[in-house]
Amino acid sequence: MIKNTEMVDFKVFHDKWGHLIPVEENATIPFDIKRVYYIFGVEDGIRRGFHSHRELNQALVCVHGEVKILVKTPEEEENILLDNPARALLIGPMVWREMYDFSKDAVLLVLASEHYDEADYIRDYAVYEKEAKTWFKNVVSR
């Protein structure tokens with residue numbers, strides 16, 4: 001995994017009634033959860049994201065279908081397939097992300113450590129790269 005990202009496997013409880021996955025802040029998710037949203041109905045060929053966050057932590061879970069996530073720092077990049085509701089991709093600050101190749105039935109759940117704040121977004125890659133190089137030199141990532 002690239003710096004400041006991590007895959008987390010959730011515990012799945014199985015019984016005759018189906019499957020249950022508990023998700024808890026500061027336990028299965030290593031931060032306070034202040035915002036939850038989900039993305040669905042993304043048409044073929046559409047890429048989303050194209051940004052980084054200065055402070056925000058996120059957990060991405062594809063609860064149905066599948067989606068690919070490009071995570072990138074100035075030094076490395078990785079493409080990750082999310083296709084299992086029992087796995088989450090944790091993305092910390094200063095990691096560029098793009099979501100693509102959504103299956104028609106994909107539902108991508110996002111758990112965020114902060115409320116929406118446009119000032120936390122970096123949407124210009126050149127600006128991101130400059131800030132991220134400094135950030136990764138000065139901050140210990142997970």
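Where along the chain does Asp-124 lie? In this predicted model, Asp-124 is placed in the loop between strand 12, which covers residues 121-122, and helix 1. That junction is a useful point of entry, and the paragraphs below return to it after a view of the whole chain.

Taken as a whole, the secondary structure of the protein chain amounts to one helix and 12 strands, and when the elements are read along the sequence the pattern is β-β-β-β-β-β-β-β-β-β-β-β-α. For a chain of 142 residues, a compact globule would have a radius of gyration near 14 Å, and because the protein chain has 15 Å, the value agrees with that expectation. The C-alpha trace spans about 55 × 35 × 25 Å along its principal axes. Among the contacts in the protein chain with a separation of 6 or more, 79% join residues that are 24 or more positions apart.

The surface can be described in a similar way. Of the 142 residues, 41% count as buried, while the protein chain exposes about 8,100 Å², of which carbon and sulfur atoms supply 51%. There are 18 positive and 25 negative charges, and the mean positions of these two sets are 2 Å apart.

Moving to the beginning of the chain, Thr-5 has its place in strand 1, which runs over residues 5-9. Thr-5 counts as buried because its relative accessible area is 7%, and the cut-off for that class is under 20%. Leaving aside residues up to four places away in sequence, Thr-5 touches Val-71, Leu-89, Leu-90, Ile-91 and Val-95. The side chain of Thr-5 also reaches the backbone oxygen of Ile-2, at 2.8 Å.

Two residues deserve attention for their backbone angles. The first to be considered is Phe-50, which belongs to strand 5, residues 48-53, and which has a positive phi of about 55° although it is not a glycine. With a relative accessible area of 37%, Phe-50 is partly exposed. The other is Met-94, a residue other than glycine whose phi is likewise positive, near 65°. Met-94 is found in the loop between strand 9 (87-91) and strand 10 (96-100), and its relative accessible area of 2% makes it buried.

A further loop residue, Gly-41, sits between strand 4 (35-40) and strand 5. Gly-41 counts as exposed because its relative accessibility is 56%, where the class begins over 50%. Although Gly-41 and Lys-104 are 63 residues apart along the chain, their C-alpha atoms are separated by 6.7 Å.

With these places in view, the text can return to the junction named at the start. Asp-124, in the loop that leads from strand 12 to helix 1, has a relative accessibility of 42% and therefore counts as partly exposed. A polar atom of the side chain of Asp-124 lies 3.1 Å from the backbone nitrogen of Val-127. The C-alpha atoms of Asp-124 and Ser-103, by contrast, are 27 Å apart in space, with their positions 21 residues apart in sequence.

Tyr-125 is found in helix 1, which covers residues 125-138. Its relative accessibility is 24%, so Tyr-125 counts as partly exposed. Which residues does Tyr-125 touch, not counting those up to four places away in sequence? They are Lys-72, Thr-73, Pro-74 and Trp-96. For Trp-96, a C-alpha to C-alpha distance from Tyr-125 can be given as well: the two are 8.2 Å apart in space and 29 residues apart in sequence.

Methods. Residues are numbered from 1 along each chain as its sequence is written. This is a predicted model: local features need pLDDT of at least 70, side-chain atom pairs count only at pLDDT 80 or more; totals for chains, interfaces and linings use all residues. Side-chain values use heavy atoms; hydrogens and water are left out. Helices (H or I, at least four residues) and strands (E, at least two) are DSSP runs, numbered from the N terminus. Buried means under 20% relative accessible area, exposed over 50%, partly exposed in between (1.4 Å probe, protein chains only). A polar contact is a pair of N or O atoms within 3.5 Å; within protein, one must be able to donate a hydrogen and the other to accept it, and residues adjacent in sequence count only if both atoms are side-chain atoms. Contact means heavy atoms within 4.5 Å. The radius of gyration is taken over C-alpha atoms; the globule rule is 2.2 Å times the number of residues to the power 0.38. Accessible areas come from the Shrake-Rupley method with a 1.4 Å probe; for residues, only the protein chains shown count as cover. Lys and Arg count as positive and Asp and Glu as negative; His and the chain ends are not counted. The place of a charge is taken as NZ of Lys, CZ of Arg, CG of Asp or CD of Glu.
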